[in-house]
Amino acid sequence: MRTKDALGTALLAGLIVATTNDNTLLVPSPFFAELFWITAGVQLTRLQAWQPGQAITAAGLLAAVSFPVWATRPPTPLPGELLFFRAAAEAETPRDYDTYSRWQLAPGEYRVLLRSCTESCTIISTATLATTAEQPVASFKLSGDLRQIPEQRLELQVYPGQSSVQVTPLATHSWKVRLKP
């Protein structure tokens, strides 16, 4: 691209590089979004001639910058259901808190997390489970130590067994637990 505005070109290049690390254009603050699009518009009005390489570069940059948008897809519904769940609503101590659950799931491998949440969540325990067409029901127990706080929300979450870009759980069951004084 031939332009006489080196500051504008540097500003656009800097914002695009920052976006690859910090997502400033996809979820922008009003300042950065306006700065980027005004500068991009000014640069386009000063463009002297289009060349094929510029279009390819622009398309590549657009695809790279928008990767988080097109890589995440809506969560797929859980191919099954929670059949049974048991956990105490009050605990004497934060140590060795037990949960029992039974899931009917489509054949496959899954990861199950037990998390303790206040302002943020901490993983208490994890388990893996696999179901088959012959054995679609999985029962298991998760145990772990709760946080030392009077009340907390616990979550039992089911994820696909294989890692993916998507970090949304397939299913979440949550409840509150209080520690007895």
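The protein chain comprises four helices and eight strands. The structure is a predicted model. Read from the N terminus, its elements follow the order α-α-α-α-β-β-β-β-β-β-β-β. The points below proceed from the chain as a whole to its strands, and then to individual residues.

**The chain as a whole**

- The protein chain has 181 residues, of which 31% count as buried.
- Its accessible surface amounts to about 11,700 Å², and carbon and sulfur atoms contribute 59% of that area.
- Among contacts in the protein chain with a separation of 6 or more, 62% are made by residues 24 or more positions apart.

**The sheet E1-E3-E6**

- Three strands form an open sheet in the order E1-E3-E6, and their pairing is antiparallel.
- Strand E1 (80–87) and E6 are the edge strands, each of which pairs on one side only.
- On average, neighbouring strands of this sheet are turned by 20 degrees against each other, with direction ignored.
- Eight bridges connect strand E3 (residues 97–105) with E6 in the antiparallel sense.
- Two positions illustrate the register of E3 and E6: Tyr97 lies opposite Gly144 in E6, and Asp98 lies opposite Ser143 in E6.
- The side chains of strand E6 (residues 137–144) alternate between two faces. Ala138, Phe140, Leu142 and Gly144 point to one face and are buried. Val137, Ser139, Lys141 and Ser143 point to the other face and are not buried.

**Ser101 in strand E3**

- Ser101 belongs to strand E3 and is buried, because its relative accessibility is 4%, which is under the 20% limit for a buried residue.
- The side chains of Ser101 and Trp103 make a polar contact of 3.2 Å.
- With neighbours within four places in sequence left aside, Ser101 contacts Leu82, Phe84, Phe85, Ala138, Ser139, Phe140 and Leu156.
- Two residues in that list, Ala138 and Phe140, are among the E6 residues that point to the buried face. Ser139, also a contact of Ser101, points to the other face of E6.

**Asp96 before strand E3**

- Asp96 is located in the loop between strand E2 (90–91) and E3.
- Although Asp96 is not a glycine, its phi is positive, at about 55 degrees. Most residues other than glycine have a negative phi.
- Asp96 counts as exposed, because its relative accessibility is 58% and the limit for an exposed residue is over 50%.

**Strands E4, E7 and E8**

- Strand E7 is mostly covered, with seven of its ten residues buried.
- E7 pairs with strand E4 (residues 108–117) through eight bridges, and the two run antiparallel. Within this pairing, Cys117 stands opposite Arg153 in E7.
- E7 also pairs with strand E8 (residues 171–179), again in the antiparallel sense and over eight bridges. Here, Leu154 has Trp175 in E8 as its bridge partner.

**Glu155 in strand E7**

- Glu155 lies in strand E7 (residues 151–160). A relative accessibility of 8% places Glu155 in the buried class.
- The side chain of Glu155 has a polar contact of 2.7 Å with the side chain of Arg115.
- A further side-chain polar contact, of 2.2 Å, links Glu155 with Arg153. Arg153 is the residue that stands opposite Cys117 in the pairing of E4 with E7.
- Beyond neighbours within four places in sequence, Glu155 is in contact with Leu113, Leu114, Arg115, Cys117, Cys121, Thr172, His173, Ser174 and Trp175.

**The disulfide**

- One disulfide is found in a search of the whole structure. It joins Cys117 to Cys121, with an S to S distance of 2.0 Å.
- The torsion about the S-S bond of Cys117 and Cys121 is about 110 degrees, and the disulfide is therefore right-handed.
- The two cysteines fall into separate accessibility classes: Cys117 is buried, with a relative accessible area of 3%, whereas Cys121 is partly exposed, at 32% relative accessibility.
- Both Cys117 and Cys121 appear among the contacts of Glu155.

Key. Residues numbered from 1 in each chain as written. Predicted model: local features only at pLDDT ≥ 70, side-chain atom pairs only at ≥ 80, totals over all residues. Heavy atoms only, no water. Buried < 20%, exposed > 50% of the residue type's maximum accessible area, 1.4 Å probe, protein only. Pairing = 2+ DSSP bridges. Disulfide = S-S within 2.5 Å. Polar contact = N/O pair within 3.5 Å; in protein donor to acceptor, adjacent residues only side chain to side chain. Contact = heavy atoms within 4.5 Å. Axes fitted to C-alpha atoms, helices over the stretch in contact; angles between N-to-C directions. Areas by Shrake-Rupley, 256 points an atom, 1.4 Å probe, with all protein chains shown as cover.
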